[in-house]
Amino acid sequence: EHLQSCDTKTPLFSVSLLLDKHNRIVSKPSLSATNRTMVGFLDDMLKSVREMSGIEDVVLAFLGDTKVPLQCLDVNDPVVHETQTYVARAMEAALKGPQLLLERFQQYQYIMDQDLESLVADLKAKDGAVSELRAVVGRFTRAADEVNELSNDEMFFGMIGVDCRHLKQQLSTKAATLAQQLSQLMMNEQVNHFLDALEEEMDSMVHTVQPVPANIEQLVEMVQFMNQA
């Protein structure tokens, strides 16, 4: 499902996607708490409506000759029920975008669960092939790009605004850092492999050319070996 930020830049509620103390991706305040806040606003409004009927005589006496009957709604009035239903549906619709955005960022939770030492240990357990190492580097490089393209720094969904800036920076920086560290490791592995091969070649060369040829055949072999080297 495509996430589309609306043009409204003055939301009633603002939440931030971030990492908690356990490095879990969460919403602060939580989306459920945001929903409860809106419902609480509505309940407070209805409470005020009920209390108006209790102070009607006092207010009318204060108005004196300009008495105007107060328009108090009964809690059982259909308008009250319709308002409650409308607000509940509006909040449900407004929360869909932020919830989907949160779930998409949570798909990259694995980035924060990784560390270089564990990755290297895992690669060594798989014989640490350069091709395997290159694949892991590519995975983290792509992840850094995907996180940055996942959303704008701020997203607006009707009455709810979502700040993703800091979370995007944390995830993309961690992924890019791991990719860079693993790339350096891959280069070191390739250099070490080359040096090991060169050392073996030199040892073989020394072993071949050191002895004095015992006959013509050995001399020919030595000359051919040196020409190939």
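**Notebook: a sheet and a leucine**

First thing I looked up: Glu154 has Asp163 in β4 as its bridge partner. Worth noting before going on that I'm working with a predicted model.

From there I checked the strands themselves. β3 covers residues 154-157 and β4 covers residues 160-163. The two run antiparallel to each other, and I get four bridges between them.

Then the turn. The hairpin of β3 and β4 has two residues between the strands. I looked at the backbone there and found Gly158 with a positive phi near 60°.

Next, how does this pair fit into the sheet, and in what order do the strands come? I read the order as β2-β1-β4-β3, four strands in an open sheet with mixed pairing. β2 (25-28) and β3 are the edge strands; each has a single partner strand, so one side of each has no neighbour in the sheet. I also noted the twist, which averages 25° from one strand to the next.

Moved on to Leu119. I find this residue in helix α5, which spans residues 116-125. Is Leu119 buried or exposed? With a relative accessible area of 7%, Leu119 counts as buried, because the cut-off for buried is under 20%.

What does Leu119 touch, apart from its neighbours within four places in sequence? I listed Gln114, Phe140, Leu178 and Leu182 as its contacts. I followed up on Leu182: this residue and Leu119 are 63 residues apart in sequence, yet their C-alpha atoms are 8.8 Å apart in space.

Terms used:
Residues are numbered from 1 along each chain as its sequence is written. This is a predicted model: local features need pLDDT of at least 70, side-chain atom pairs count only at pLDDT 80 or more; totals for chains, interfaces and linings use all residues. Side-chain values use heavy atoms; hydrogens and water are left out. Two strands pair if DSSP finds at least two bridges between them. Axes are lines fitted to C-alpha atoms, for helices over the stretch in contact, and angles run from 0 to 180 degrees between N-to-C directions. Buried means under 20% relative accessible area, exposed over 50%, partly exposed in between (1.4 Å probe, protein chains only). Contact means heavy atoms within 4.5 Å.
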